[in-house]
Amino acid sequence: MAQLRSIIVGLVASILLSPLATVGSGEAAAARKVAKTKPKQPQSSAKCEMPKFKIVVDVGHTPDSYGALSARNDPEFGFNFRLARLITAKLRSEGFAETRLLVTDGKARPSLFKRVSAANEGRTDLFLSVHHDSVPDKLLETWEFDGAKSYFSDRFSGHSLFVSRQNPHFATSLMLARMIGRQLKQQGLHYASQYTLPVMGRYRRQLLDKDVGVYRYDGLIVLSRTRSAAVLLEAGSIINRDEEMELNSAERHEAVAGAVAAAMREFCERR
Ligand SMILES: [Zn+2]
């Protein structure tokens, strides 16, 4: 794992140096502007031509603010980075030539506005944010991993999809999330159903599609401030000890990337 981690750090460093993927601190002013203004002009194109359809695959969190920690103490950012890279490559190889990977640096909250800014400046058609899930702190249990006290919860597993009603393309976002959810289901994967439960507290969400696991999450900046359709994918729970291992496997990576690509093809064919 240590070797894998150093490879990821190297890859991330090279991507952060690439002008295509990076959103530098020079754009902080633009990010602040985005923070103040609500999106007015919807910018998703009415139809979908695969080579021209612009998809931004956003790597959730940053190397500095890495998100959740897995049951085996690996940061969420690494999981997000590996999967988002694969999804990007898959979409490109299937004809979505304008797909790009978005890696953001810095602290958590400014990075959210950098993401929105990057998506809105690039006249994106779809913003897809890739994350991995954990549980509220009160559900954590302890175990020993690699000689260190570590935290886990095997109680919940599965992926989930989130959309915001505040997004100017809510209907399109919901349609896309449903299509991705259906494809994930066809791959034999199940969604995380716990978000409707009282035990989730402030993380409780309204389930918009109980067949494929699409939830409503209005307040999320990357979903509500983007002018394009936007979907957030929690690809699975890294705090669940078994699912963490699955989420590291090539099979699971292929299943998720394949599901996203199949959903996008379906979306384009229908337009
Ligand atoms: Zn996350």
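**Notebook: sheet, hairpins and helix crossings**

I began with the sheet: 7 strands make up an open sheet, ordered 2-1-3-9-6-8-7, with mixed pairing. Strand 2 (100-102) and strand 7 (206-209) are the edge strands; each has a single partner strand, so one side of each is left without a neighbour in the sheet. I then looked up the twist. On average, neighbouring strands of this sheet are turned by 30° against each other, direction ignored. I note that the model is predicted.

**Pairings in the sheet**

I took strand 6 next. Strand 6 (residues 160-163) runs antiparallel to strand 9 (residues 229-237), and 3 bridges join them. Which residue of strand 9 is the bridge partner of Leu161? I found Leu233.

I moved on to the edge at strand 7. Strand 7 pairs with strand 8 (residues 214-216) in the antiparallel sense, over 3 bridges. Here I picked out Leu207, whose bridge partner in strand 8 is Tyr215. These two strands form a hairpin with 4 residues between the strands. I checked the backbone there: Gly213 has a positive phi near 80°.

**Strands 4 and 5**

I looked at this pair separately. Strand 4 (residues 141-145) and strand 5 (residues 148-152) are antiparallel and share 5 bridges. Thr142 has Tyr151 of strand 5 as its bridge partner. How many residues lie between strand 4 and strand 5 in their hairpin? I count 2, and Asp146 in the turn takes a positive phi of about 55°.

**Ala71**

I stopped at Ala71, which sits in the loop between strand 1 (55-59) and helix 3 (76-93). Is Ala71 buried or exposed? I find 24 other C-beta atoms within 10 Å of Ala71. The cut-off for buried is 20 or more, so Ala71 is buried.

I then listed what Ala71 touches, leaving out residues up to four places away in sequence. The contacts are Ser150, Phe152, Ile238, Ile239, Asn240, Arg241 and Glu244. Of these, I place Ser150 and Phe152 in strand 5, which spans residues 148-152. I also looked up Glu144. Ala71 and Glu144 are 73 residues apart in sequence, yet their C-alpha atoms are 9.7 Å apart in space.

**Helix 8 against helix 5**

I turned to the helices. The axes of helix 5 (residues 170-186) and helix 8 (residues 250-270) come within 8 Å and cross at roughly 135°. Helix 5 and helix 8 are therefore oblique to each other. The crossing is right-handed. From helix 5 I listed Leu176, Met179, Ile180, Gln183 and Leu184 in the contact. Helix 8 brings Val256, Ala259, Val260, Ala262, Ala263, Glu266 and Phe267. I sorted the residues of this contact by class: 10 nonpolar, 1 polar and 1 charged.

**Helix 8 against helix 3**

I checked helix 8 once more, now with helix 3. Their axes come within 9 Å and cross at roughly 45°. Helix 3 and helix 8 are therefore oblique to each other. What is the handedness of the crossing of helix 3 and helix 8? I read it as right-handed. Helix 3 makes the contact with Leu83, Leu86, Ile87, Lys90 and Leu91. On helix 8 I listed His253, Val256, Ala257, Gly258, Val260, Ala261 and Met264. By class, I have 9 nonpolar, 2 polar and 1 charged residues in the contact of helix 3 with helix 8. I cross-checked the two contacts: Val256 and Val260 of helix 8 appear in both.

How values were computed: Residues numbered from 1 in each chain as written. Predicted model: local features only at pLDDT ≥ 70, side-chain atom pairs only at ≥ 80, totals over all residues. Pairing = 2+ DSSP bridges. Axes fitted to C-alpha atoms, helices over the stretch in contact; angles between N-to-C directions. Parallel < 35°, antiparallel > 145°, perpendicular 65-115°, else oblique. Left-handed = near helix turned anticlockwise from the far one by under 90°. Contact = placed C-beta atoms within 7 Å. Nonpolar A, V, L, I, M, F, W, Y, C, P; charged D, E, K, R; others polar. Buried ≥ 20, exposed ≤ 12 C-beta atoms within 10 Å, placed from the backbone.
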